[in-house]
Amino acid sequence: MKILITSGGTTEKIDAVRGITNHSTGYLGKEIAELFLAKGHQVTLVTTKTAVKPEPKENLKITEITNVESLLRKMEPLVKEHDVLIHSMAVSDYTPIYMTDFAELEDTEDLAQFLHKSNTESKISSASDYQVLFLKKTPKIISLVKQWNPDIQLIGFKLLVNVRKEELFEVARASLKRNKADIIVANDLSDITPDQHIAYLVDEKNEEKVTTKSAIAQALFERICHD
């Protein structure tokens, strides 16, 4: 099978030297990729420059992206030519559009005007004690996958923080239905440490618990290849 995996975290630029980044190492995506590679599958890994990656192999192709815009450009053609997408990347929910001195806001009554501005300098001045950053929502890549390829097996990920399991499962199933996914891997940040990664493979009926990154990879492999 042709397996498409995303890993790492996107970075949205504020200016030439600053950005908003998701703190994702890419270790889980690497673990999943290595298992499918070891079993002889063709793997395309879409990831970031700083994320950890598998060693080069004949049946591995790595594509690097930076932000949501570049991810969107790369993903559409790739989704159309793969059998499975395991979308473990931490994708930025918002991207900066304008950063300004707080004093500039105090002098205006129409805050909406800032939604149409952009910073022209390569590095925004750090002279002010307070700055205000305007953000806009980024496209949800997972919501487009089934439009691009209705037949692809789609595995999404949902990360919440310090919630009850019932809420985690509820949110995961909402994502499952909304995005027409086959499985959502639901996890809570409080359950992730260097030695463990508790997660639940959530489908329409069940929640399968796993406790490490390698167990997540193995469970996904068994589900995908069995289906």
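This passage describes a sheet, a helix that crosses part of it, and one loop residue in a predicted model.

The sheet is open and has 8 strands. Their order is β5-β4-β1-β6-β9-β10-β11-β12, and the pairing is mixed. Strands β5 (60-64) and β12 (207-210) form the edges, each pairing on one side only. On average, neighbouring strands of this sheet are turned by 20° against each other, direction ignored. Strands of a sheet pair through backbone hydrogen bonds, either parallel or antiparallel.

Within this order, β1 stands next to β6. Strand β1 covers residues 2-6, and β6 covers residues 84-87. The two run parallel and are joined by 4 bridges. In this pair, Thr6 stands opposite His87 in β6.

Helix α5 spans residues 165-178. It lies across four named strands: β9 (153-160), β10 (183-192), β11 (197-202) and β12. Relative to β10, helix α5 runs at about 145°.

Leu115 belongs to a loop. That loop lies between α3 (102-106) and β8 (131-137). The relative accessible area of Leu115 is 47%. Buried residues fall under 20% and exposed ones over 50%, so a value in between counts as partly exposed. Leu115 is therefore partly exposed. Leaving aside neighbours within four places in sequence, Leu115 is in contact with Ile97 and Phe134. Lys136 is 21 residues away from Leu115 along the chain. The C-alpha atoms of Leu115 and Lys136 are separated by 8.4 Å.

Conventions: Residues numbered from 1 in each chain as written. Predicted model: local features only at pLDDT ≥ 70, side-chain atom pairs only at ≥ 80, totals over all residues. Heavy atoms only, no water. Pairing = 2+ DSSP bridges. Axes fitted to C-alpha atoms, helices over the stretch in contact; angles between N-to-C directions. Contact = heavy atoms within 4.5 Å. Buried < 20%, exposed > 50% of the residue type's maximum accessible area, 1.4 Å probe, protein only.
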